[in-house]
Amino acid sequence: MTSHTSSLVQCRSAAEFVAALKQGVLLGVGVAALCIPLWATLGPFAQAPWTQRALTSTPANIPVISVDFGAEEASPDVKHMANWAINSRDNQALSFVILDKLNAKVFVFDAEGALLGASPVLIGAAKGDDSVPDIGGRPMHSVQEHERTTPAGRFLGEPGRNTNGEDIVWIDYGAAVSMHRVRANEKSERRLQRLATPGIDDNRISYGCVNLPVEFFESVLQPAFDQRHGVIYVMPEVKPAREVFKAAYSA
């Protein structure tokens with residue numbers, strides 16, 4: 001999530017959205033753009049997508065494919081997860097993303113494990129691997145500094161669109177966490193400059209959402225999730241990786 005002073009997304013459930021439409025309260029001055037996932041535009045609001053539905057993976061005992069990262073630097077844990085995702089078929093023949101929070105970097109792969117691209121990102125202002133319960137339904141101004149985390153884990157991502165017509169990719173719909181283009185509306189936050197610096201100390205700024213360079217979002221991430229779901233692995237920064245991804249490290 002990003003600052004309420006910028007052009008930011010405040011996420012609500014589909015049921016709340018419909019109710020608000022009926023009551024005519026969505027035009028309030030202080031209300032941010034509401035995020036509507038792709039499934040809500042294609043069918044009844046009452047039918048939730050399979051974003052939060054767990055998939056059954058088949059861990060491989062011996063990896064037989066080694067994902068090629070080319071010239072991109074990647075941590076041992078990121079390489080391990082990429083190899084495991086392909087060899088175990090945990091990605092379910094879908095494009096997948098690995099977010100390395102420790103190094104503020106994202107990697108996007110196609111369904112066969114070919115690296116489509118990598119980019120620096122901006123992440124949650126606070127360190128932590130869990131979202132605060134019910135944070136997705138709270139107003140932005142009530143979110144404390146220590147609650148602005150990007151959650152770690154395995155997520156089923158899906159493309160979405162806010163009411164301003166902006167494309168996003170959901171990480172965790174319930175927690176209102178998504179990947180989207182970096183927004184530079186609030187100049188004091190220096191988001192574009194933060195992305196451009198070689199270090200990672202200044203890459204923490206958001207409410208939990210992952211901010212990507214506009215060109216990377218549109219040319220790499222968006223096509224990978226175009227009208228499709230995908231798997232998103234968010235590597236932890238406090239917990240051990242083998243604790244968060246037990247199946248990947250038990251082979």
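Is phenylalanine 109 buried or exposed? Select phenylalanine 109 in the viewer: at 0% relative accessibility, this residue counts as buried. Keep in mind that the model is predicted.

**The whole protein**

Show the whole chain before going further. The protein has seven helices and 12 strands. Of its 251 residues, 53% are buried. Turn on the surface next: the accessible surface comes to about 12,000 Å², and carbon and sulfur atoms account for 53% of that area. Contacts can also be sorted by distance along the sequence. Among those between residues at least 6 apart, 67% join residues at least 24 apart.

**Helix 5**

Select residues 214–224, which form helix 5. Show the side chains of Phe216, Phe217, Val220, Leu221 and Ala224, the buried residues of this helix. Look down the axis: these residues cover an arc of only 125° around it, so they lie on the same side of helix 5.

What do the buried residues of helix 5 pack against? Add strand 3 (96–100), strand 4 (105–109) and strand 5 (115–120) to the selection. Then add strand 8 (167–172), strand 9 (177–181) and strand 11 (210–212). The buried residues of helix 5 pack against these strands.

**Aromatic pairs**

Now turn to the rings. The protein has six aromatic pairs. For one of them, select phenylalanine 69 together with phenylalanine 109: their ring centres are 5.7 Å apart, with 80° between the planes, and the pair is edge-to-face. Phenylalanine 69 is in the loop between helix 2 (38–42) and helix 3 (76–87), while phenylalanine 109 is in strand 4, so the pair ties together parts that are 40 residues apart in sequence. Phenylalanine 69 has 6% relative accessibility and therefore counts as buried, the cut-off being under 20%.

Move on to tryptophan 170 and tyrosine 173. The ring centres of these two residues are 4.7 Å apart and the planes stand at 90°, so this pair is edge-to-face. Tryptophan 170 is buried, with a relative accessible area of 0%. Tyrosine 173 is buried as well, with a relative accessible area of 16%.

Which residues do ring pairs link into a cluster? Select Phe69, Phe96, Phe107, Phe109, Tyr233 and Phe245 to see the cluster.

**A charge over a ring**

For the last stop, select arginine 148 and tyrosine 207. Arginine 148 lies over the face of the tyrosine 207 ring, 4.1 Å from the ring centre.

Definitions and conventions
Residues are numbered from 1 along each chain as its sequence is written. This is a predicted model: local features need pLDDT of at least 70, side-chain atom pairs count only at pLDDT 80 or more; totals for chains, interfaces and linings use all residues. Side-chain values use heavy atoms; hydrogens and water are left out. Helices (H or I, at least four residues) and strands (E, at least two) are DSSP runs, numbered from the N terminus. Buried means under 20% relative accessible area, exposed over 50%, partly exposed in between (1.4 Å probe, protein chains only). Contact means heavy atoms within 4.5 Å. Accessible areas come from the Shrake-Rupley method with a 1.4 Å probe; for residues, only the protein chains shown count as cover. The arc is that of the directions from the helix axis to the C-beta atoms. Rings of Phe, Tyr and Trp (its six-membered ring) pair if their centres lie within 6.5 Å; planes under 30 degrees apart count as stacked, over 60 as edge-to-face and the rest as tilted. A charge sits over a ring if NZ of Lys or CZ of Arg is within 6 Å of the ring centre and within 35 degrees of the ring normal.
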